Amino acid sequence: MAAYFMRSPAALTRAELRRYATYLREERCKSASRLRGHLAAIKFLYGKTLGRPEDVSFLSWPTGTQKLPAVLSRAEVAALLRALEHPTYRMVAATLYATGMRVREVCALETRDIDSSRGVIVIRHGKGDKPRLVPLHRRLLLSLRAYFRQQRPEPPVLFPASMARGHVRVATFRQALHRATKQAGLTKKVVPHVLRHSCATHMLEAGTDLRVIQAILGHGSVLTTTRYLRVSTRMLHQAPSLLDGLPE
């Protein structure tokens with residue numbers, strides 16, 4: 001903004017801010033998310049730092065195009081897990097799919113977070129630094145125990161990095177997932193969040209209540225969780241075939 005006007009933002013008028021917002025919308029920002037980032041920074045600068053919230057009260061948030069969540073079939077999930085040869089990466093992916101956790105939450109897990117007596121995994125620092133619990137089902141628990149016996153990670157880290165100390169890096173796991181996607185012959189673009197989407201969709205198709213899925217995923221609103229209704233094939237197939245009701 002300072003480079004655009006060649007003046008300090010503190011010296012700009014409301015009319016100039018309107019002109020800059022128009023420039024961002026029409027020329028600078030190619031996506032709604034990028035525009036939201038710029039506008040949020042401007043709102044913070046004038047609302048908090050400069051104490052002039054009235055100067056940016058005209059700013060409104062752009063609405064982005066909503067995309068359907070990418071979802072893998074159960075067979076594709078199984079093929080992906082088989083293609084992940086490294087035990088740590090395979091276990092991270094399995095935990096992602098089994099629990100619907102975010103990839104950063106899984107990579108940051110510690111051994112103390114696996115509460116087998118209660119059948120839960122404790123997420124101590126979820127999105128927004130909000131703690132929550134996710135279910136620890138028997139098959140995942142047995143897989144984690146087998147992984148622990150084989151890899152012997154040094155506590156408290158559950159999923160250690162291969163070449164350094166500390167937790168496995170999200171970027172490193174993302175690269176491993178990309179290689180496994182190609183090796184498994186999957187045509188879909190698979191990123192860690194796709195496993196979270198797949199978990200939520202498959203839980204919904206298995207009859208899990210939306211409120212339960214909301215709590216497991218850590219969504220602030222159930223409206224966020226309802227988007228999985230749009231990609232659940234089981235829900236779609238419950239609609240009747242109207243052509244079958246037409247006379248021959």
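Which residue in β3 is the bridge partner of V120? Hold that one for a second, everyone. Quick reminder before we start: this is a predicted model.

Okay, the answer: V120 bridges to P135 in β3. And V120 has a bridge on the β1 side too, where D115 is its partner. That makes V120 a handy place to start walking through the sheet.

So, the sheet. We've got three strands in an open arrangement, ordered β1-β2-β3, with antiparallel pairing. The edges are taken by β1, residues 114-115, and β3, residues 132-135; each has a single partner strand, so one side of each has no neighbour in the sheet. As a general reminder, strands in a sheet pair through backbone hydrogen bonds, parallel or antiparallel.

Let's take the two pairings in turn. Between β1 and β2 there are two bridges, antiparallel. These two strands make a hairpin, with four residues between them. Have a look at G119 in that turn: its phi is positive, about 70 degrees.

On the other side, β2, residues 120-123, is joined to β3 by four bridges, again running antiparallel. Along that pairing you'll find I121 standing opposite V134 of β3.

Now, which way do the β2 side chains point, and are they buried or exposed? V120 and V122 go one way, I121 and I123 go the other, and all of them are buried. In a regular strand, side chains alternate between the two faces of the sheet. So if you're rotating the model, check both faces of β2 for those buried residues.

Right, on to the surface. There's a positive patch made of K67, R104, R174 and K189. Let me zoom in on K67. You'll find K67 in the loop that links α3, residues 32-49, with α4, residues 74-83. Is K67 buried or exposed? Its relative accessibility is 71%, so K67 counts as exposed, the cut-off being over 50%.

Last stop is R234, which sits in helix α12, residues 233-236. R234 has 42% relative accessibility, so it counts as partly exposed. How far apart are R234 and A206 in space? C-alpha to C-alpha it's 8.8 Å, with the two residues 28 apart in sequence.

That's my tour. To come back to the opening: V120 of β2 has D115 as a partner, and in β3 its partner is P135. Happy to go back to any of these views.

Technical notes. Residues numbered from 1 in each chain as written. Predicted model: local features only at pLDDT ≥ 70, side-chain atom pairs only at ≥ 80, totals over all residues. Heavy atoms only, no water. Patch = residues over 30% accessible without salt bridge, like charges linked within 9 Å, V, L, I, M, F, W, Y side chains within 5 Å. Areas by Shrake-Rupley, 256 points an atom, 1.4 Å probe, with all protein chains shown as cover. Salt bridge = Lys/Arg side-chain N within 4 Å of Asp/Glu carboxyl O. Lys, Arg positive; Asp, Glu negative; His and termini not counted. Charge placed at Lys NZ, Arg CZ, Asp CG, Glu CD. Buried < 20%, exposed > 50% of the residue type's maximum accessible area, 1.4 Å probe, protein only. Pairing = 2+ DSSP bridges.
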